[in-house]
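Reader: Hello! Could you walk me through one part of this structure up close, beginning with how two helices pass each other? I work at the bench, so please spell out any cut-offs as you go.

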Amino acid sequence: MSEKLCVLRLSAIGDTCHTLPVVRAIQDHLPAAELSWVIGSLEHQLLGDIDGIRFIPYNKRGGKAAVQSLKRDLGEQRFDALLHMQVALRASLLSRHVKADRRIGFDRARARDWQWLFTNERIAAGDRQHVMDGLLGFLEPLGIPRPARPRWDIPLPATAREFASRTLGDRPALVISPCSSQRARNFRNWAVERYVAVIEHARMRGLEVILSGGPSELEREYGERISAAVDCRNLIGKTSLKELMALLAAARVVISPDSGPVHMANAAGTPVVGLYATSNPDRTGPYHHRELVANRYPDALDQYLGKSVDQVRWGQRVRHPDAMDLISVDDVTGKLDLALELGA
């Protein structure tokens with residue numbers, strides 16, 4: 001009899017990209033397992049066509065109606081194990097609707113927001129790990145070894161590939177996703193004039209430059225200001241997630257602050273120049289090519305908190321509006337040149 005397993009990981013785009021290698025490892029080692037994944041409705045747009053997984057999308061803004069829809073979708077099905085891979089209280093409350101004998105969550109130190117109250121098993125403790133390494137810890141209770149190299153294989157429809165091909169043409173391309181989000185006190189976004197300087201450098205290196213991003217007012221404003229100052233193609237707010245994924249996959253290199261496109265590009269195998277000052281790239285940076293990260297996180301900790309990386313909790317954010325200014329244009333162009341020299 002096949003195992004029935006349910007993964008609970010709603011968001012965000014980056015974290016669901018970190019979750020996918022866990023699911024792929026389960027598929028590789030337990031091919032007969034029946035897999036279900038409770039996922040955010042936005043993230044479902046990117047991953048929902050993966051074969052062999054029953055996706056149960058949840059609208060995080062849908063209120064009580066979304067909860068009722070989730071309950072109907074789950075029905076009376078009982079799972080052998082729930083992999084509760086999100087520590088947010090909202091996710092834990094939703095987990096009550098998943099009927100499972102084994103309810104596997106994080107170790108007590110990482111089971112924030114009372115997640116430990118909603119599980120009956122815990123993965124092994126892990127200290128100062130990349131987020132994805134922490135999630136791969138959910139394989140051990142299932143008797144599955146960690147993969148030597150993570151596998152994503154996010155499917156791309158022909159229409160998305162054709163869109164990327166038409167957009168990029170034959171020239172090597174740099175895709176820049178300049179904004180992480182518009183949430184208050186995020187402080188992850190770099191200055192427009194510095195992006196302009198980097199684009200000028202990239203064009204001198206023979207790269208076509210594409211701006212990408214979501215439809216928020218902040219992202220659109222960024223795109224308009226950058227494209228008004230320098231020659232580049234502004235596609236912010238004009239692509240679906242699948243089209244964006246195809247662009248990132250076809251690009252020569254990607255530049256972005258700590259955000260979903262960093263991890264989408266990483267999953268596609270495209271080198272990423274990550275811009276990190278307010279968050280620790282050893283925890284949330286691109287899983288591969290971390291040598292390409294423009295990392296001023298230690299400097300931000302020192303300047304704004306008076307501490308070193310070893311003196312703060314793992315995952316400590318630097319909540320200061322000037323922190324990203326510590327990343328210089330030379331920092332980024334130097335990493336871009338390195339990516340090109342390495343054969344990106």
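**Two crossing helices and a sheet**

Author: Happily! Helix H6 passes helix H9 in a right-handed crossing, meaning that the near helix is turned clockwise from the far one by less than a right angle, whereas an anticlockwise turn would be left-handed. Before going on, please note that this is a predicted model, in which local features need pLDDT of at least 70 and side-chain atom pairs count only at pLDDT 80 or more, while totals for chains, interfaces and linings use all residues. Residues are numbered from 1 along each chain as its sequence is written, and side-chain values use heavy atoms, with hydrogens and water left out.

H6 covers residues 158-168 and H9 residues 241-250; such helices (H or I, at least four residues) and strands (E, at least two) are DSSP runs, numbered from the N terminus. Their axes come within 8 Å and cross at roughly 55°. Axes here are lines fitted to C-alpha atoms, for helices over the stretch in contact, and angles run from 0 to 180 degrees between N-to-C directions. H6 and H9 are therefore oblique to each other, since angles under 35 degrees count as roughly parallel, over 145 as roughly antiparallel, 65 to 115 as roughly perpendicular and the rest as oblique.

Which residues meet there? On H6 they are Ala160, Arg161, Phe163, Ala164, Thr167 and Leu168, and on H9 they are Lys242, Glu243, Ala246, Leu247 and Ala250, with contact meaning heavy atoms within 4.5 Å. By class, the H6 and H9 contact has 7 nonpolar, 1 polar and 3 charged residues; Ala, Val, Leu, Ile, Met, Phe, Trp, Tyr, Cys and Pro count as nonpolar, Asp, Glu, Lys and Arg as charged, and the others, Gly among them, as polar.

Another helix pair makes a nice companion. The axes of H1 and H10 (residues 260-268) come within 7 Å and cross at roughly 30°, so H1 and H10 are roughly parallel to each other. H1 passes H10 in a left-handed crossing. From H1, the contact uses Ile13, Gly14, Cys17 and His18, and from H10 it uses Gly260, His263 and Met264. That contact of H1 with H10 has 3 nonpolar, 4 polar and no charged residues.

H1 also leads us to the sheet. This open sheet has 6 strands in the order S3-S2-S1-S4-S5-S6, with parallel pairing; two strands pair if DSSP finds at least two bridges between them. Its edge strands, S3 (53-58) and S6 (121-122), each pair on one side only. Strands S1 (residues 4-8) and S2 (residues 34-40) run parallel and are joined by 5 bridges, with Leu5 opposite Leu35 in S2. H1 (residues 13-29) packs on the sheet, touching S1, S2, S3 and S4 (78-84), and its direction makes about 175° with that of S2. H3 (residues 63-74) packs on the sheet too, touching S2, S3 and S4, at about 160° to the direction of S3.

Finally, some backbone details in the loops. Ala12, in the loop between S1 and H1, is joined to Ser11 by a cis peptide bond with omega about -10°. In the loop between S5 (99-105) and S6, Asp113 has a positive phi of about 55° although it is not a glycine. Trp114 is in the loop between S5 and S6, and its phi is near 60°, again a positive value in a residue other than glycine.
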